[in-house]
Structure formats: C-alpha cells, structure tokens
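Work through the exercises below with the coordinates open. Each task is followed by a solution in steps.

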Amino acid sequence: MSIVTKTGDKGTTGLWSGERIDKDDVRVECYGTIDELSSILGMARHACSSAIVLEEILAIQKDLYRVAAELASPSRIPASPLVGADEERLSSKIRNFEGELGLKGFVVPGMTPGSAALDLARTVARRAERRIVTLARRDTVSQSLRSFVNRLSDFLYILARKEESEKGAITYVKG
C-alpha cells in the first residue's frame, strides 16, 4: 500500500471513521498539531540526556497517538480513549518533580539543547490545547482528553527543568 492516494488533492482528508472533511477544518488542525508535537518530542529525545526525561518523552509520544486517534474521529470511539487516570498520572509526576526540583521563581527557558526542545514542545502543546478548545465549542471532545492536554504543557515544562537541573543549568529570571 502506497502513502500516495491522491484522495486529498482537492483539499479534503479522510477521518478514521471514513468521513471526509476539509484539510483546514479545526479537527484536522487539532490532530495535526498533536502530530507536530510528537515530532518535536522526537527531536527532544535526541537532544536530552536525562534517562528519566527520555523515558517520559517516549511515554508521552505513545499517549499522543491516543489523543490523535480520539480527535481524528468524532463518530468512532478509539480502542484506548483518554481517561481521568491519564491526567492524574501526569499531575502526580509533576508534583514529584516539583518536590525534587524546588523551583524558586520564573526561569529562562531553553538553557540546554534538550530543555530548549522541550520548551518548544510545551508551546506547541499549548497551541494544541487552544485548537481543541475551539473544536469543543462545535463538537464533543471528552473532558479527559481536554484535561490531559492541559496538564501536558505543565508536564513538558517540568521535564525541561529536570533536564536543566541535571546539567546545573536552571537559570532564574531574577538573581
């Protein structure tokens, strides 16, 4: 099977459920931004050195397939939809890293190659969330997915700080 289908040549794309919609539809923007985020996280994996950060990035990339699958089809329930426990897992990890890092204020982002890639991923995660909020005004988007994506940007922020911490590179705006 070839990846060249020519079915999108007139500006539409097929959803997982078989429906066709315009390529600039907000739903496509949502899962396209999630795809962009996963690609940036792939780049981050090659720039980070912390074993725990690398492990967490790969886990998030796998979660993002679940997010994209849920976004890609309004009329079909994916095999593994996001649930409240997914958001709680991120919240718990954030609390653990916060306790370990003891951050004291605003930090300058991107002080190492790995943290810079994670900070870029964080900003794309925030854009994905904004697009998902727009989609949710029109179509049903599960609260679990919305909460997960909201928490994800916080998690990426804390992973960037963890990467910097292991290199002694956390830099505060003041001080």
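**Exercise 1.** Is Val124 buried or exposed? Locate Val124 in the secondary structure, and give its C-alpha separation from Glu36.

Solution. The model is a predicted one.
Step 1: Val124 is found in helix H4.
Step 2: the relative accessible area of Val124 is 3%. The cut-off for buried is under 20%, so Val124 is buried.
Step 3: along the sequence, Val124 and Glu36 are 88 residues apart, while their C-alpha atoms are 7.7 Å apart in space.

**Exercise 2.** Which class of exposure does each of Ser115, Gly84 and Asp9 fall into? Add the element or segment and one C-alpha distance for each residue.

Solution. Step 1: Ser115 belongs to helix H4, which runs over residues 113-138. With a relative accessibility of 0%, Ser115 counts as buried. Its C-alpha atom is 20 Å from that of Thr33, and the two residues are 82 apart in sequence.
Step 2: Gly84 lies in helix H3. Its relative accessible area is 43%, and Gly84 is partly exposed, because this class covers what falls between under 20% and over 50%. Gly84 and Cys30 are 54 residues apart in sequence, with 20 Å between their C-alpha atoms.
Step 3: Asp9 is placed in the segment before strand S1 (12-14). Asp9 counts as exposed at 61% relative accessibility, since the cut-off for exposed is over 50%. From Asp9 to Val28 the chain separation is 19 residues, and the C-alpha atoms are separated by 16 Å.

**Exercise 3.** What span should helix H3 have, and what is the distance between its end C-alpha atoms? Then state which residues of H3 are buried and where they sit around the axis.

Solution. Step 1: H3 takes in residues 84-101, which makes 18 residues. The expected span is 1.5 Å times one less than the number of residues, and for H3 it comes to 26 Å.
Step 2: the end C-alpha atoms of H3 are 26 Å apart, so the model agrees with the expected value.
Step 3: the buried residues of H3 are Asp86, Glu87, Leu90, Ser91, Ile94, Phe97 and Leu101. They cover an arc of only 135 degrees around the axis, and therefore lie on the same side of H3.
Step 4: in general, an α-helix has 3.6 residues a turn, so residues three or four places apart point the same way.
Step 5: on the face of H3 turned away from the buried side are the exposed residues Ala85, Asn96 and Gly99.

**Exercise 4.** How many disulfides does the model have? State also whether Cys30 and Cys48 are buried or exposed.

Solution. Step 1: the criterion is a pair of cysteine sulfur atoms within 2.5 Å. By this criterion the count is zero disulfides.
Step 2: Cys30 has a relative accessible area of 0% and is buried.
Step 3: Cys48 also counts as buried, at 9% relative accessibility.

**Exercise 5.** What are the volumes of the largest pocket and the second largest pocket, and which residues line them?

Solution. Step 1: the largest pocket holds about 200 Å³ of space. Its lining has 15 residues, and those nearest its centre are Glu70, Ser73, Pro74, Thr140 and Ser142. By class, this lining has eight nonpolar, three polar and four charged residues.
Step 2: the second largest pocket holds about 160 Å³. Ile34, Asp35, Ser38, Ser39, Leu64, Tyr65, Ala68 and Ala69 line this pocket.
Step 3: at least two lining residues of the second largest pocket come from each of helix H1 (26-47) and helix H2 (51-71). Five residues of this lining are nonpolar, two are polar and one is charged.

Conventions:
Residues are numbered from 1 along each chain as its sequence is written. This is a predicted model: local features need pLDDT of at least 70, side-chain atom pairs count only at pLDDT 80 or more; totals for chains, interfaces and linings use all residues. Side-chain values use heavy atoms; hydrogens and water are left out. Buried means under 20% relative accessible area, exposed over 50%, partly exposed in between (1.4 Å probe, protein chains only). On a 1 Å grid over the protein atoms alone, a cavity is a set of points where a 1.4 Å probe fits but cannot get out, and a pocket is an open set with protein on both sides within 12 Å along at least five of seven lines; lining residues have an atom within 4 Å of a point. Grid points are joined across faces, edges and corners, and a volume is the space filled by probe spheres set on the points. Ala, Val, Leu, Ile, Met, Phe, Trp, Tyr, Cys and Pro count as nonpolar, Asp, Glu, Lys and Arg as charged, and the others, Gly among them, as polar. Helices (H or I, at least four residues) and strands (E, at least two) are DSSP runs, numbered from the N terminus. The arc is that of the directions from the helix axis to the C-beta atoms.
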